[in-house]
Amino acid sequence: MEFMKKFKPESNMIKEFDHWIVLLREKQVTLGAVIIALKREVPSLAYLTAEEAAEFPAVVAWFEKLGVSLYHAEKFNYVAAMMKDNFVHFHAFPRYSTIFTKYNVKWEDKSWPKVIEFTGIQYDSSVLESIKRDMRAFK
């Protein structure tokens, strides 16, 4: 998966499906933000196979269940801009109306209730590792 090396799948993978991979976003715009990427390199959604398209709702359902269960997410936003990284992937963001503390960090969804802004904060690697640990353990 050389085409997605920018997202560091070898270290940021949370869960792998048959056709999709869920990766932790290092810039956590909101707690639990991930990238959901197709495991093959195609430039647009028009190139999805029927099997890839059919699996996507299961990936989203798993992610949303995780977001609600682990972090009490209230809504979810998905962005598939694919401008700088020309392959099929979605930036997925759990959304929160309140400020809360988790992993010794105060989390605030500064865009709530508007459209998400890509102004993520780079957190300490120990915080990212804790998030990955908890997300990977989620069934």
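## A charge over a ring

Let's start with a lysine: K102 lies over the face of Y103, at 5.4 Å from the ring centre. Please keep in mind that this is a predicted model. A second lysine makes a similar kind of arrangement elsewhere, with the charged end of K15 sitting over the ring of F17, 5.4 Å from its centre.

Y103 also takes part in a ring pair. The centres of the Y71 and Y103 rings are 6.2 Å apart and their planes stand at 65°; angles over 60 degrees count as edge-to-face, so this pair is edge-to-face. Y71 belongs to helix α2 (residues 50-71), while Y103 is in the loop between β7 (100-102) and β8 (105-107), so the pair ties together parts that are 32 residues apart in sequence. Are these two tyrosines buried or exposed? Both Y71 and Y103 are buried.

## Aromatic pairs across the chain

How many aromatic pairs does a search of the whole structure find? The search finds 13 aromatic pairs. One of them is formed by F7 and F87: their ring centres lie 6.0 Å apart with the planes at 70°, so the pair is edge-to-face. This pair links distant parts of the chain, 80 residues apart. F7 is found in the segment before α1 (9-12), and F87 sits in the loop between β5 (75-79) and β6 (89-95).

Both partners of that pair are shielded from solvent by the usual cut-off. Buried means under 20% relative accessible area, so F7 counts as buried at 10%, and F87 counts as buried at 3%. The two phenylalanines also have company: F3, F7 and F87 form one aromatic cluster.

## Helices, strands and a hairpin

Stepping back to the whole fold, the secondary structure comes to three helices and nine strands. Along the sequence, these elements follow the pattern α-β-β-β-β-α-β-β-β-β-β-α.

Which strand pairs with β1 (residues 13-16) in the antiparallel sense? The partner is strand β2 (residues 20-24), and the pairing runs over three bridges. In one of the contacts between these strands, E16 has I21 in β2 as its bridge partner. Three residues make up the hairpin connection that joins β1 to β2.

## Overall dimensions and packing

For anyone who likes global descriptors, here are a few. A compact globule with 139 residues would have a radius of gyration near 14 Å; the protein has 14 Å, which agrees. The C-alpha trace spans about 40 × 30 × 30 Å along its principal axes.

Buried residues make up 45% of the 139 residues. Of the contacts with a separation of 6 or more, 58% are between residues 24 or more positions apart. The accessible surface comes to about 7,600 Å², and carbon and sulfur atoms account for 54% of that area.

## A residue on the outside

Finally, a look at A50, which has its place in helix α2. Is A50 buried or exposed? With a relative accessible area of 61%, A50 is exposed, because the cut-off for that class is over 50%. From A50 to S11 the C-alpha to C-alpha distance is 29 Å, and the two residues are 39 apart in sequence.

Definitions and conventions:
Residues numbered from 1 in each chain as written. Predicted model: local features only at pLDDT ≥ 70, side-chain atom pairs only at ≥ 80, totals over all residues. Heavy atoms only, no water. Phe/Tyr/Trp six-rings, centres within 6.5 Å; stacked < 30°, edge-to-face > 60°. Helix = DSSP H or I, 4+ residues; strand = E, 2+ residues; numbered from the N terminus. Buried < 20%, exposed > 50% of the residue type's maximum accessible area, 1.4 Å probe, protein only. Lys NZ or Arg CZ within 6 Å of the ring centre and 35° of its normal. Pairing = 2+ DSSP bridges. Rg over C-alpha atoms; globule rule 2.2 N^0.38 Å. Contact = heavy atoms within 4.5 Å. Areas by Shrake-Rupley, 256 points an atom, 1.4 Å probe, with all protein chains shown as cover.
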